[in-house]
Amino acid sequence: MDSIFISVSTYGTNDGASDSFRRTRAEALTAIMDTVDSQTAELNVLEELETPGLGDESVAFHIGASVQVFGAPTTMDSITIEFRKAKLRGSVSWLSLQSPVPISDVIALVNRQIERLT
């Protein structure tokens with residue numbers, strides 16, 4: 001089972017979008033850890049990934065954890081990419097149970113969002 005979440009916000013200026021991106025990046029690891037802790041998960045992987053020139057600014061995180069889903073042990077894999085392009089700030093998160101998330105597919109989704117919105 002996979003779930004994909006996409007969000008995009010528009011700001012009045014490039015600086016406004018950049019400030020928002022920087023705050024989000026600084027708070028991202030804390031938010032990720034809070035989410036994992038609230039799910040009583042065992043964290044297996046938490047790493048920042050390189051993002052190949054996505055927009056003007058971008059950051060990517062990979063999370064792998066062992067979780068309980070309806071009482072059954074399950075492996076969760078997730079990649080989230082936060083990005084900014086001019087006055088736009090967006091996020092693409094892909095969550096998969098039982099299979100690894102393909103980073104190339106998440107990057108393709110980010111690129112599609114940037115192309116559609118700029």
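The legends below describe views of a predicted model of one protein.

**Figure 1. Overall fold of the predicted model.** The protein has two helices and five strands. In sequence order these elements follow the pattern β-α-β-β-β-β-α. Along the principal axes, the C-alpha atoms occupy a box of roughly 45 × 25 × 25 Å. The radius of gyration is 15 Å, which agrees with the value near 13 Å for a compact globule of 118 residues.

**Figure 2. Burial, contacts and surface of the whole protein.** Of the 118 residues, 38% are buried. Among contacts with a separation of 6 or more, 52% are between residues 24 or more positions apart. The exposed area of the protein is about 6700 Å². Carbon and sulfur atoms supply 51% of this area.

**Figure 3. Close-up of the nonpolar surface patch.** Four side chains are shown: I4, I6, V8 and L117. Together they make a nonpolar patch of about 300 Å² on the surface. Strand β1, which spans residues 2-10, gives the most to the patch, with three residues. L117 belongs to helix α2, residues 103-117.

**Figure 4. Close-up of L117 in the patch.** L117 lies in helix α2 and has a relative accessible area of 41%. This residue counts as partly exposed because 41% falls between the limits of 20% and 50%. Patch members must have over 30% relative accessible area, and L117, at 41%, is above that cut-off. The other members of the patch are I4, I6 and V8.

**Figure 5. Close-up of E57 and its surroundings.** E57 is found in strand β3, which covers residues 57-69. The relative accessible area of E57 is 18%, so the residue is buried under the criterion of under 20%. Leaving out residues up to four places away in sequence, E57 touches S18, F21, R22, E82, F83 and R84.

**Figure 6. Close-up of the polar contacts of the E57 side chain.** Two partners are shown, S18 and R84. The side chains of E57 and S18 make a polar contact of 2.8 Å. Between the side chains of E57 and R84 there is a polar contact of 2.5 Å. S18 and R84 are also among the residues that E57 touches, and the list further includes F21 and F83. E57 itself is buried.

Note on methods: Residues numbered from 1 in each chain as written. Predicted model: local features only at pLDDT ≥ 70, side-chain atom pairs only at ≥ 80, totals over all residues. Heavy atoms only, no water. Patch = residues over 30% accessible without salt bridge, like charges linked within 9 Å, V, L, I, M, F, W, Y side chains within 5 Å. Areas by Shrake-Rupley, 256 points an atom, 1.4 Å probe, with all protein chains shown as cover. Helix = DSSP H or I, 4+ residues; strand = E, 2+ residues; numbered from the N terminus. Buried < 20%, exposed > 50% of the residue type's maximum accessible area, 1.4 Å probe, protein only. Rg over C-alpha atoms; globule rule 2.2 N^0.38 Å. Contact = heavy atoms within 4.5 Å. Polar contact = N/O pair within 3.5 Å; in protein donor to acceptor, adjacent residues only side chain to side chain.
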